[in-house]
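Here is a short tour for anyone who likes to see the geometry behind a model. Have the sequence and the coordinates open as you read.

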Amino acid sequence: MLLLKLYLFLSLIVNCVMGYLVFVKGRKSRKLFSDRFAIISSTLYSTSLCFTIGLHLFLLLQDKSSAIIISTVIIGAIIGTCIGALETFKSLLIGYFHGMTAALMGTMLGAILVDPSLCRLPSLYSLQIEQNIIGMSVFITLLTTVTFGLLLASFRV
Amino acid sequence: MKINILGWMLYGNFLLTTLMYLYLFQYRKLIGFQLGMNISIIVGGITALSTGVVLIYQYPFHFVLITILSTLTGVTIGSLFGGLFDYQTLLTGYGNGMMLGLMSPMIGSAANNNFPFLIFIEMLLMVSYLLLFLSVRRS
């Protein structure tokens with residue numbers, strides 16, 4: 001159990017560092033963005049980053065669930081606002097909304113992985129919770145890496 | 001009996017998506033970026049939703065695997081339909097397919113093998129493809 005928490009913590013750190021690197025790269029080239037591209041990039045970026053942060057935080061600290069949900073939504077809203085504030089006020093609103101929604105969805109996925117009877121999944125799942133948590137965490141990290149790669153490739157344009 | 005119906009449903013969805021892709025491929029020069037963005041959002045989202053719901057009805061013991069599969073389906077189809085127009089519509093379709101693909105097995109397992117819900121999802125897919133067809137014709 002301790003090893004699982006350590007793994008989840010390291011995964012959270014890796015995701016945050018990747019998000020910060022993309023932020024720095026986008027801040028350098030923010031003068032080149034058109035109005036439409038600013039909206040699309042802030043949508044995709046805040047969605048993927050806040051989803052991973054919500055999922056990993058809920059899996060890491062699953063004891064106090066309601067406090068975790070409130071704090072992840074606030075964190076998601078702040079991160080989305082920071083990302084959207086790179087460009088214009090329109091993208092600030094879009095980033096705020098999508099960051100909030102993605103943080104809520106990430107906590108929802110984490111809640112179902114921890115307690116499968118919430119969604120009426122078969123009772124076989126209660127035997128393999130840790131396996132499911134690790135598989136989903138690896139997949140989400142890979143998906144975030146691919147998304148950030150696409151974003152970095154599009155910042156050159 | 002039921003497994004048979006589910007398999008044919010999935011096959012029919014992919015056939016419809018392929019036909020829609022071939023239809024849009026002819027008219028892709030005539031469609032502006034605003035309609036292209038909406039097309040990539042609708043097709044990526046609705047395909048991921050229907051794939052996740054149908055697969056979780058059929059194999060209720062593989063939640064994580066089905067989440068991965070439906071997310072990859074949504075990402076691929078959203079990117080393919082968005083890639084018809086330009087890079088920004090590709091990014092839009094990618095993001096929306098990813099979001100709905102991650103959510104859809106949860107909806108399917110919470111519906112608890114309810115048959116009218118499956119019919120509703122299929123009707124949603126048919127209606128959205130019909131609307132899409134009509135809007136491409138009008139533009």
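How many of the 26 residues of H2(A) are buried? The count is 22, so to say H2(A) is mostly covered, where buried means 20 or more other C-beta atoms within 10 Å of a residue's own, with C-beta atoms placed from the backbone. Please keep in mind that this is a predicted model: local features need pLDDT of at least 70 and side-chain atom pairs count only at pLDDT 80 or more, while totals for chains, interfaces and linings use all residues. Residues are numbered from 1 along each chain as its sequence is written, and chains are lettered from A and ligands numbered from 1 in the order in which they are written.

**Chain A overall**

- Chain A has five helices and zero strands, taking helices as DSSP runs of H or I with at least four residues and strands as E runs with at least two, numbered from the N terminus.
- The C-alpha trace of chain A spans about 50 × 25 × 25 Å along its principal axes.
- Its radius of gyration is 16 Å, which agrees with the value near 15 Å for a compact globule of 157 residues; the radius is taken over C-alpha atoms, and the globule rule is 2.2 Å times the number of residues to the power 0.38.
- Buried residues make up 43% of the 157 in chain A.
- Among contacts in chain A with a separation of 6 or more, 73% join residues 24 or more positions apart; a contact means C-beta atoms, placed from the backbone, within 7 Å.

**Helix H2 of chain A and the core**

- The end C-alpha atoms of H2(A) are 38 Å apart, in agreement with the 38 Å expected for 26 residues at 1.5 Å a residue; the rule multiplies 1.5 Å by one less than the number of residues.
- In the largest nonpolar core, which has 67 residues, A:Cys50 and B:Val53 touch the most other members; such a core is a set of buried Ala, Val, Leu, Ile, Met, Phe, Trp, Tyr and Cys residues joined through C-beta atoms within 7 Å.
- Helix H2 of chain A (residues 35-60) gives the most to this core, with 13 residues.
- Leaving out residues up to four places away in sequence, B:Val53 touches B:Ser104, B:Ile107, B:Gly108, B:Leu118 and B:Ile121.

**Where the chains meet**

- The contact takes 23 residues from chain A and 20 residues from chain B.
- On the chain B side, H4(B) gives the most, with 13 residues.

Notes:
A residue is buried if 20 or more other C-beta atoms lie within 10 Å of its own, exposed if 12 or fewer, and partly exposed in between; C-beta atoms are placed from the backbone. Two residues are in contact if their C-beta atoms, placed from the backbone, lie within 7 Å.
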